Amino acid sequence: MKPLIHEIEQHFSPLREEELTAHSTLIHMRQQTALLMPYEHYAVQFYPEFYRFLYENKEWIVFGQDLGGYFVLSWEGQWIGYLYQEEDSHHIAYCNDTWHHFISFYHAFTSAVLQQLIDKQAACTDRVLDLDSLLDTLTHYYMEIDAQAMQEEHHFWAIRLYELSAGFFPLDGQRIAMYHSLE
């Protein structure tokens, strides 16, 4: 499923192969996106091809998506952001200072989500780490490797942890099914 703000894709242009292979960061990113597991309950996927996007006169590289927006690399600053729409304007929320930190955060978050799915399906109540402890551990881990990612409540990972803690992050396909029914 495409993000809810998919109309912005008309402003994306594919990166040519020679552009990708000319930059070691993009080579590593393209190789390593295969390590990032999709999450179908929130339409998370990472692309084998990358796209260029201009936002506020800066070049961004689009490399993945979820239901609410797109994952982007700041070509100028080499940091990772999340392109989303709020009301009638687009914004880029800070994710991480490096690609490697993004991978670490994503894997840790996905592990926490999968643990919640397993617990939900098994109706587990006697976990070694309950959700609050799991989120505390995740927050401390995040602060340890990229504190800036958690410094502001509007940063991407701070929002995702809040959504998981408050029960807003989807652990089943109901949200995707609802959006499909509206199309």
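Student: How many cavities of 30 Å³ or more does the structure hold?
Tutor: This is a predicted model, in which local features need pLDDT of at least 70, side-chain atom pairs count only at pLDDT 80 or more, and totals for chains, interfaces and linings use all residues. Residues are numbered from 1 along each chain as its sequence is written, and side-chain values use heavy atoms, with hydrogens and water left out. A cavity is a set of points on a 1 Å grid over the protein atoms alone where a 1.4 Å probe fits but cannot get out. With 30 Å³ as the lower limit, the number of cavities is one.

Student: Which element gives the most residues to the lining of the largest cavity?
Tutor: The lining (residues with an atom within 4 Å of a point) has 13 residues, and Val44, Tyr106, Phe109, Arg160 and Phe169 lie nearest the centre of the cavity. Two elements, DSSP runs of H or I over at least four residues, give two or more residues each: α3 and α6 (156-166). The one that gives the most, with four residues, is α3.

Student: What is the volume of the largest pocket?
Tutor: A pocket is an open set of grid points with protein on both sides within 12 Å along at least five of seven lines. Its volume is the space filled by probe spheres set on the points, which are joined across faces, edges and corners. The largest pocket has 17 lining residues, with Tyr42, Tyr82, Tyr84, Arg160 and Glu163 nearest its centre. Its volume is about 330 Å³.

Student: Which helix gives the largest share of the largest nonpolar core?
Tutor: Such a core joins buried (under 20% relative accessible area, 1.4 Å probe, protein chains only) Ala, Val, Leu, Ile, Met, Phe, Trp, Tyr and Cys residues through side-chain atoms within 4.5 Å. The largest has 45 residues, and Phe102, Phe109 and Tyr142 are among those with the most contacts inside it. Ten residues, the largest share, come from helix α3 (residues 99-122).

Student: In β3, which residue is the bridge partner of Gln45?
Tutor: An open sheet of six strands has the order β1-β2-β3-β4-β5-β6 with antiparallel pairing; a strand is a DSSP run of E over at least two residues, and two strands pair if DSSP finds at least two bridges between them. Strand β2 (residues 45-55) is joined to strand β3 (residues 58-66) by seven bridges. The partner of Gln45 in β3 is Gln65.

How values were computed: Buried means under 20% relative accessible area, exposed over 50%, partly exposed in between (1.4 Å probe, protein chains only).
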